[in-house]
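Take a moment to turn the structure around on your screen before reading on. We'll walk through it one piece at a time.

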Amino acid sequence: MSDPLRRIDALVEEDTLPSPQVRQQLRLAAGLTQVEVADAIGVQRVAVARWEAGLTQPHRGNRLKYAHLLRKLAAKHPDVVEGALDEG
């Protein structure tokens with residue numbers, strides 16, 4: 001499978017996350033802070049910061065919530081996803 005197709009799959013699979021850079025870009029496109037994302041998921045802001053930096057990955061429960069949020073943001077901001085595909 002080609003790399004762009006893997007990135008697309010990452011946005012639609014239930015618990016697969018896009019790259020850390022795309023995570024951050026989606027959050028910023030939505031005008032959300034790391035605190036707002038953390039509150040919605042039920043974690044501390046530093047966890048979101050680490051996920052966006054690629055330093056850590058959320059565990060299964062938080063991963064499902066985070067992936068759900070990112071899919072919703074990607075649907076609202078498809079330009080972010082398309083830009084990531086163009087860059088990759």
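**A charged pair and the helix around it**

Let's start with a pair of side chains: glutamate 52 and arginine 27 form a salt bridge, with 2.6 Å from N to O. Keep in mind that this is a predicted model. Why might two such side chains pair up at all? Side chains of opposite charge can pair when their charged atoms come close. This pair ties together distant parts of the chain, since glutamate 52 sits in helix H4 and arginine 27 in helix H2, 25 residues apart. Are the two partners buried or exposed? Both glutamate 52 and arginine 27 turn out to be buried. As for the total, the count comes to 1 salt bridge.

Now follow glutamate 52 back to its helix. H4 covers residues 45–53, and its buried residues are Ala47, Val48, Trp51 and Glu52. Because these residues span an arc of only 130° around the axis, they lie on the same side of H4. Here's the bit of background that helps: an α-helix has 3.6 residues a turn, so residues three or four places apart point the same way. And what covers the buried residues of H4? The cover includes helix H2 (20–29), helix H3 (34–41) and helix H5 (60–76). Right after H4 comes glycine 54, whose phi is positive, near 75°.

Let's pick one of those neighbours, H3. Two packed helices are described by the angle between their axes and the distance between the axes. For H3 and H4, the angle is about 110° and the axes are 8 Å apart. That makes H3 roughly perpendicular to H4. Which residues meet there? From H3 come Gln34, Val35, Val37, Ala38 and Ile41, and from H4 come Arg45, Val48, Ala49, Trp51 and Glu52. Sorted by type, the residues of this contact are 7 nonpolar, 1 polar and 2 charged.

Last stop: the loop between H3 and H4, where you'll find valine 43. Valine 43 has 18% relative accessibility, and buried means under 20%, so this residue counts as buried. What does valine 43 touch, if we skip residues up to four places away in sequence? Its contacts are Ala38, Val48, Trp51 and Asn62. You've already met some of these: Ala38 in H3 and Val48 and Trp51 in H4 belong to the contact of those two helices. Finally, look for proline 58, which is 15 residues from valine 43 in sequence and 9.7 Å away in space, C-alpha to C-alpha.

Note on methods
Residues numbered from 1 in each chain as written. Predicted model: local features only at pLDDT ≥ 70, side-chain atom pairs only at ≥ 80, totals over all residues. Heavy atoms only, no water. Buried < 20%, exposed > 50% of the residue type's maximum accessible area, 1.4 Å probe, protein only. Helix = DSSP H or I, 4+ residues; strand = E, 2+ residues; numbered from the N terminus. Arc of directions from axis to C-beta. Contact = heavy atoms within 4.5 Å. Axes fitted to C-alpha atoms, helices over the stretch in contact; angles between N-to-C directions. Parallel < 35°, antiparallel > 145°, perpendicular 65-115°, else oblique. Nonpolar A, V, L, I, M, F, W, Y, C, P; charged D, E, K, R; others polar. Salt bridge = Lys/Arg side-chain N within 4 Å of Asp/Glu carboxyl O.
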